[in-house]
Amino acid sequence: MLSKKIEEALNKQVRVEAESSQIYLAMACWAEVKGLEGVAQFMYDQSDEEREHMLKLVKFINERGGHAKISALKEPNVTFESFKEMFEMLFEHEVFVSESINNLVHITLEEKDYATHNFLQWYVAEQIEEEAVARTILDKINLIGDDKGGLYLFDRDIQQLTVTSSGSTPLE
């Protein structure tokens, strides 16, 4: 059984994950309109993944005797100065999500809710991977600079990006 404090904190995370999905969907739309099909597909996939993270939380809350709540979402930014700015925002957002997960883990320890603490370890590991991917992408973008040929290759190759963080399997 979830305490009210844990239930509220988990429901806040449901909103964070839903907003993440919306943010990446907006990024996908922007990239697609700009002709960056590879980047767009990467972002569509990221959006789907964030929605899965949200649903995993929803099911956990309901299975543990709580009531998952679906709340209004903030409208995401829909335009970007450049694809580099977009990926910088993606990285900053992933850092924010990591902080949110870490705060949630802290609450579970305060409440001595070890079942929820154990459940959240998957999210902790996932955020390590998400930040590693975003950091790798930014490194590649910085290598490209203003080279249009490099941008073309980056757009084509982003779907094959794999990053291995310590203690995890490669992302596909």
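Helix H2 contains 27 residues, which at 1.5 Å a residue should span 39 Å, and its end C-alpha atoms are indeed 39 Å apart. The structure described here is a predicted model. Its largest nonpolar core has 25 residues, and a second, separate core has 21. The points below cover the helices, the two cores, the aromatic contacts and some individual residues.

**Helices and the residues that follow them**

- H2 is followed by Gly 65, which has a positive phi near 90 degrees.
- Helix H4 covers residues 114–144, and the span expected for its 31 residues at 1.5 Å each is 45 Å; this agrees with the 45 Å between its end C-alpha atoms.
- H4 nevertheless contains a kink of about 30 degrees, centred on Leu 120.
- Gly 145, just after H4, also adopts a positive phi, of about 65 degrees.

**Nonpolar cores**

- Within the largest nonpolar core, the residues touching the most other members are Val 39, Met 43, Phe 83, Met 86, Phe 87, Ile 137 and Phe 154.
- At least two residues of this core come from each of helix H1 (4–33), helix H2 (37–63), helix H3 (83–110), H4 and helix H5 (148–157).
- The greatest contribution to this core is that of H4, with six residues.
- Phe 87 is in contact with Val 39, Phe 42, Met 43, Ile 137, Leu 138, Ile 141, Phe 154 and Ile 158, leaving aside neighbours within four places in sequence.
- The second core, separate from the one above, includes Met 54, Leu 57, Phe 60 and Val 97.
- As general background, nonpolar side chains tend to be buried together in soluble globular proteins.

**Aromatic and charge–ring contacts**

- The model contains seven aromatic pairs.
- In the pair formed by Phe 60 and Phe 119, the ring centres are 3.9 Å apart and the planes lie at 10 degrees; because planes under 30 degrees apart count as stacked, this pair is stacked.
- Phe 60 belongs to helix H2 and Phe 119 to helix H4, so their pairing ties together parts that are 59 residues apart in sequence.
- Both Phe 60 and Phe 119 are buried.
- One aromatic cluster is formed by Phe 42, Phe 83, Phe 87 and Phe 154.
- Lys 56 places its charged end over the ring of Trp 122, at 3.6 Å from the ring centre.

**Individual residues: burial and backbone**

- Ser 20 is located in helix H1.
- With a relative accessible area of 1%, Ser 20 is buried, because the cut-off for burial is under 20%.
- Not counting residues up to four places away in sequence, Ser 20 touches Glu 50, His 93 and Val 97; Val 97 is also one of the residues of the second core.
- Asn 102 is located in helix H3, and its relative accessibility of 44% makes it partly exposed.
- Asn 102 is separated from Phe 42 by 60 residues in sequence and by 26 Å in space, C-alpha to C-alpha.
- Lys 112 occupies the loop between H3 and H4 and is exposed, with a relative accessible area of 61%.
- The phi of Lys 112 is positive, near 55 degrees, in a residue other than glycine.
- In general, most residues other than glycine have a negative phi.

Technical notes: Residues are numbered from 1 along each chain as its sequence is written. This is a predicted model: local features need pLDDT of at least 70, side-chain atom pairs count only at pLDDT 80 or more; totals for chains, interfaces and linings use all residues. Side-chain values use heavy atoms; hydrogens and water are left out. Helices (H or I, at least four residues) and strands (E, at least two) are DSSP runs, numbered from the N terminus. The expected span of a helix is 1.5 Å times one less than its number of residues. The bend at a residue is the angle between axes fitted to the seven residues ending there and the seven starting there. A nonpolar core is a set of buried Ala, Val, Leu, Ile, Met, Phe, Trp, Tyr and Cys residues joined through side-chain atoms within 4.5 Å. Buried means under 20% relative accessible area, exposed over 50%, partly exposed in between (1.4 Å probe, protein chains only). Contact means heavy atoms within 4.5 Å. Rings of Phe, Tyr and Trp (its six-membered ring) pair if their centres lie within 6.5 Å; planes under 30 degrees apart count as stacked, over 60 as edge-to-face and the rest as tilted. A charge sits over a ring if NZ of Lys or CZ of Arg is within 6 Å of the ring centre and within 35 degrees of the ring normal.
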